[in-house]
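Subject: Structure handover

Hi,

Here is the structure I promised to pass on. Please open it alongside this email, and my notes on what turned up follow below.

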Amino acid sequence: MKLDDPDLFRQAALIGGQWISRPDMEVTDPATGEALGHIPDCSAAETTEAIAAAEEALKDWRTRTHAERADLLMRWYQLMLDHAEDLARILTAEQGKPLQEARGEILYGASFVRWFAEEARRINGAIIPSPVPGKKIFAMKEPVGVCAIITPWNFPNAMITRKVAPGLAAGCTMVIKPSDFTPCSALALGVLAERAGIPKGVINILTGRPEAIGSTLTGSAVVRKLSFTGSTRVGAMLAEQCAPTLKKLSLELGGNAPFIVFDDADLEAAVEGAMASKFRNGGQTCVCANRLLVQSGIHDAFVAALTARVDALRVGPGTEDGVEIGPMINNAAIDKITAHVADAFAKGATRMTRSRDLPAGYADPVVLAGADTGMLLADEETFGPVAPIFRFETEEEALRIANGTPYGLAAYFYTTDMARAFRVGEALEFGLVGLNTGAVSHEVSPFGGVKASGLGREGAREGIEEYLETKALHFGGI
Ligand code: SIN
């Protein structure tokens, strides 16, 4: 990997401003399976040190003016833009997504830092009229305190900034545990935070296996909040571990997004939206369309147009020009995709796209016609480039299938009928709904799910509230 600023590629954990390097674990490039570098496997004792460093740093950080915190965040944001190309190269090397998409993620990640730098100056409380004479009541906003941040491998940059930026803006300090598959993007952000002048101990980054670090973070009474993005299974386990110390929780968990195309949809727009939603990051996002529900009148035209687009997708190493689908993150991901496709074939689905002979580590992008609710891919996130098409007849049937899942993160639908737009928009039981768009992720918009997809919202005004407590200060004797 060639970087303009090689110092951004760190192979060390960051605890209380000290970089600790130890070659305990390999970080691999999913495109080649070769080692990119080595990181420490942080212990429970090191996690406790990081928590203590964050607790110490909190004393000063929470008392800084909001303008000062905003300025430091803006400096961090600017450094991310200045080093965007290097950050994208590191991201592609460890995660696999095409470089063009990695560049997009860096801008997406940086947008949260700018947004929350701006929001830092608008953390206002309220003065509440008292029911009792001679008294005033102030509702004051205060930082939650030390926060634990556990982030996934699919967005190694943006999932960190979406959590850390609002936390820092609110006056909290952070102990971050990035995925052990993609720690280097987090560490590069740590280098830039240091250069921006964010004080030692405000951001701590622990690399390594999740068990010891995770259970120390969740078990600590000093840590007052956990924000996690990942699977519903792990989210529920972490929530259970946090219960004895009653931490505030933000959980952005799994999805099973329906993508509904009604007969009256604009076909071209619907195909464009399906491509954007389904194949972003090779299908490895929580908000990816997982089930494409297409009404019978437009079904054949939609399947033909989508198939042509998928057949034209270029699959290969993320560093190669023009590649649109990179390698999957690991063999477990490939195994799940393979099992879902095999199950669909066994239950009657038909492959519409050409079959490609790809090297190990890559998944063949596929459109499957004739999907039904008895298939594995109807119930579980495939997390890969598989587009199963479910044919339906009526709006009622589409809504029944769409809502027939324990998950409630994202849903999409395409229609030109305004009455249907409102009706279906309201009836979908999801936290994010895309109407005539396949993109629902922006820093200005609340992001999060209902039901088994989690708790809380990230981004937007709501994102900062997750890192604030409200204190009611009652003044008597006035
Ligand atoms: C995710 O897949 O967890 C996040 C996707 C996004 O922010 O759009």
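Let me start with the second largest pocket, which holds about 500 Å³ of space. Bear in mind throughout that this is a predicted model. The pocket is lined by 26 residues. Closest to its centre are Glu101, Met275, Ala276, Phe279 and Arg280. Two elements give two or more residues each to this lining: helix H4 (99-120) and helix H9 (267-279). H9 gives the most, with five residues. By class, the lining has 13 nonpolar, six polar and seven charged residues. Both domains take part. Domain 1 (6-253 + 453-476) and domain 2 (257-435) each provide at least three of the lining residues.

The largest pocket

This one has a volume of about 1,100 Å³. Its lining counts 37 residues, and the closest to the centre are Trp153, Gly230, Ser231, Arg233 and Val234. Four elements each supply at least two lining residues: helix H7 (210-219), strand E10 (223-229), helix H8 (232-242) and helix H11 (331-346). Which of them has the largest share of the lining? That is H8, with six residues. The lining of the largest pocket divides into 16 nonpolar, 14 polar and seven charged residues. Here too, domain 1 and domain 2 each contribute at least three residues.

The ligand

There is a ligand in the model, and 13 residues surround it. The closest are Tyr108, Arg162, Arg280, Cys286 and Ser441. Three of the contacts to ligand oxygen are worth a look on screen:

- Ser441: an N or O atom in the side chain is 2.5 Å from an oxygen atom of the ligand.
- Cys286: here a backbone N or O atom lies 2.7 Å from a ligand oxygen.
- Arg280: a side-chain N or O atom is 2.9 Å from an oxygen atom of the ligand.

How much of the ligand does the protein bury? Taken alone, the ligand exposes 260 Å², and the protein buries 100% of that.

Arg280 therefore deserves a second glance, as one of the residues closest to the centre of the second largest pocket and one of the closest to the ligand.The cavities

The count comes to five cavities of 30 Å³ or more. The largest cavity holds about 80 Å³ of space. Tyr108, Arg162, Arg280, Cys286 and Ser441 are among the residues that line it. Others in the lining include Asn154, Phe155, Met159 and Glu252. The residues of this lining divide into six nonpolar, three polar and three charged. Domain 1 and domain 2 each give at least three residues to the lining of the largest cavity.

The second largest cavity has a volume of about 50 Å³. Its lining includes Gly255, Lys278, Cys288, Asn290 and Glu381. Thr285 and Cys286 line the second largest cavity, and both also line the largest cavity. By class, the lining of the second largest cavity has five nonpolar, five polar and two charged residues.

If you want one place to begin, pick Cys286. This residue has the backbone contact to the ligand at 2.7 Å.

Best wishes

Terms used:
Residues are numbered from 1 along each chain as its sequence is written. This is a predicted model: local features need pLDDT of at least 70, side-chain atom pairs count only at pLDDT 80 or more; totals for chains, interfaces and linings use all residues. Side-chain values use heavy atoms; hydrogens and water are left out. On a 1 Å grid over the protein atoms alone, a cavity is a set of points where a 1.4 Å probe fits but cannot get out, and a pocket is an open set with protein on both sides within 12 Å along at least five of seven lines; lining residues have an atom within 4 Å of a point. Grid points are joined across faces, edges and corners, and a volume is the space filled by probe spheres set on the points. Ala, Val, Leu, Ile, Met, Phe, Trp, Tyr, Cys and Pro count as nonpolar, Asp, Glu, Lys and Arg as charged, and the others, Gly among them, as polar. Domain bounds come from an automatic or database domain assignment. A residue is near a molecule or strand if one of its heavy atoms lies within 4 Å of it. A polar contact is a pair of N or O atoms within 3.5 Å; within protein, one must be able to donate a hydrogen and the other to accept it, and residues adjacent in sequence count only if both atoms are side-chain atoms. Accessible areas come from the Shrake-Rupley method with a 1.4 Å probe; for residues, only the protein chains shown count as cover.
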